[in-house]
Structure formats: C-alpha cells, structure tokens
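Visitor: I have a structure open and a few quick questions about it. Can you walk me through some of the details?
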Amino acid sequence: MDATLKNALAQPAVLLFGALRMELPDYTLRLLDGSATLVIGGETYVGKDGTFGTIASISELTEEIGDSAPEITVTLFPPDVSATAVLSHPNMQGSVVHLMVGAVDMASGLVIGTPETLFLGEIDVPTIGIDQSGARTVEYTVVSVFERLFEVEEGQRASDGWHQSIHPDELGLEFMTGTDVNLYWGAAPPKSNSTAKSGWAGIIQQSAANWQARQ
C-alpha cells in the first residue's frame, strides 16, 4: 500500500472513496461510488458519467481458497436505452476492470497518495435487468485476471503464423517449414510403432552427436 495513503488511514477520521475504471472497447469509463469529482493518476473520475450513468452496486469482495478464480459483480444504472444496448453488447466481454479504494483530503478535496487496487479483472458476462424501483440496469460478472489460467490451449501449432499470433514480430519460426520431431500441442500423441522408432532414432542421433563433440 502507498505510504501516504497508509498514514492517512491511520488517522482517527478519514474520508474514503471507491473508484471503478472500465476499459470498454471505444470508451474508458471512470466512476466514483458517490457524487464527486476526483483526479486519480491524472484521470478524472466522476459520480455520474454523461454517457453511461452511475454505479448501482458492487458485490462484496471475499478471499477464499478454491478451484475457481475470484469474481465480483458490478451493476450500472445506464441513463437510456442506447447506453444499455452498448453496455450489454457482447464485445464488452474481456474489457479490463480496475476497482480501487482511496482517501480524500477533506481540506483540499485532493486524493491522498495512490489508491489501493482491490480487484483487477475482466468482464465475463453482461446481463440486462430491472431493479426494484423499475430502473434499467446492466450487471457485469467480472472475473479475476487469473481466469486465464483455466483456459485450455487447444489447436496450437508449431508454425510461424500461430507463434506470431501469440508473440508478434518474434521471427523464431519464420523459416521453419518442417521438423523431424512430431510436436503435439493441445492433443495427446498417437501410440504407434513409427512414433516410437522416430523417438529412439532422435535419441540415438543426439547421443552420437554428443559423443562426437567430446572427441
């Protein structure tokens, strides 16, 4: 935690705020949990965004040990049907969400130190809903960045095109047109005599090369 913020939190009274940053495809949404305007890291955060409205609610953050990545739920109050349609569009999936908490100097109205990051993740599923008052909402399930660790890497290839799709401009496979070693990515290798022989052949060939290098 930032030392300046830590010192502020140690005081008898402190004015806290929550901040939400959502990197949508064509718009970066910066919202506060109340009616205010604050500058955080050179960016302006507001209680109500003119395009996409306000924060309706954010689910409780919990820490636990399990076999699934942590997630939170963020609900917004869009101002109109157009904003609702944009926020609920499938291309919102994968947008980065940054949830922070910080403190404000009550005398100057400035942010104290650097806000603490509580959650960093990405939008998984947007859902349109209606709250108890009849107001339209858009609810996001936001999963932790660790969700990527659960993805199954299927269909990978030892080819220049696939390699550069993961590592752009890395040309290690640019001139590779074939290999004597069968590489199976995303699938189990077939069980056959030819595979076994080619494997032993490779081992024998490498052993011979190592022996010649020692002479």
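Guide: The turns below cover salt bridges and then strand pairing in this predicted model.

Visitor: How many salt bridges are there?
Guide: The count comes to 3 salt bridges.

Visitor: Which residues are linked in a network of salt bridges?
Guide: R21, E23, R30 and E43 are. R21 pairs with E23, with the closest N and O atoms 2.5 Å apart. R21 also meets the side chain of E43, at 2.9 Å from N to O. That second pair links distant parts of the chain, 22 residues apart: E43 is in strand 4 and R21 in strand 1. R30 forms a salt bridge with E43 too, the closest N and O atoms being 3.2 Å apart. There R30 sits in strand 2, 13 residues from E43.

Visitor: Is R21 buried or exposed?
Guide: R21 counts as buried, because its relative accessibility is 16% and the cut-off for buried is under 20%.

Visitor: What about E43?
Guide: E43 is partly exposed, with a relative accessible area of 22%. R30 is partly exposed at 23%, and E23 is partly exposed at 38%.

Visitor: Switching to strand 9, how many of its residues are buried?
Guide: In strand 9, residues 136-144, 7 of the 9 residues are buried.

Visitor: And which way do strand 8 and strand 9 run?
Guide: They run antiparallel, joined by 9 bridges. I123 has V142 in strand 9 as its bridge partner. The hairpin of these strands has 5 residues between them, and G134 takes a positive phi near 90° there.

Visitor: How many bridges join strand 6 to strand 9?
Guide: 6 bridges join them, again antiparallel. V74 stands opposite Y140 in strand 9.

Note on methods. Residues numbered from 1 in each chain as written. Predicted model: local features only at pLDDT ≥ 70, side-chain atom pairs only at ≥ 80, totals over all residues. Heavy atoms only, no water. Buried < 20%, exposed > 50% of the residue type's maximum accessible area, 1.4 Å probe, protein only. Helix = DSSP H or I, 4+ residues; strand = E, 2+ residues; numbered from the N terminus. Pairing = 2+ DSSP bridges. Salt bridge = Lys/Arg side-chain N within 4 Å of Asp/Glu carboxyl O.
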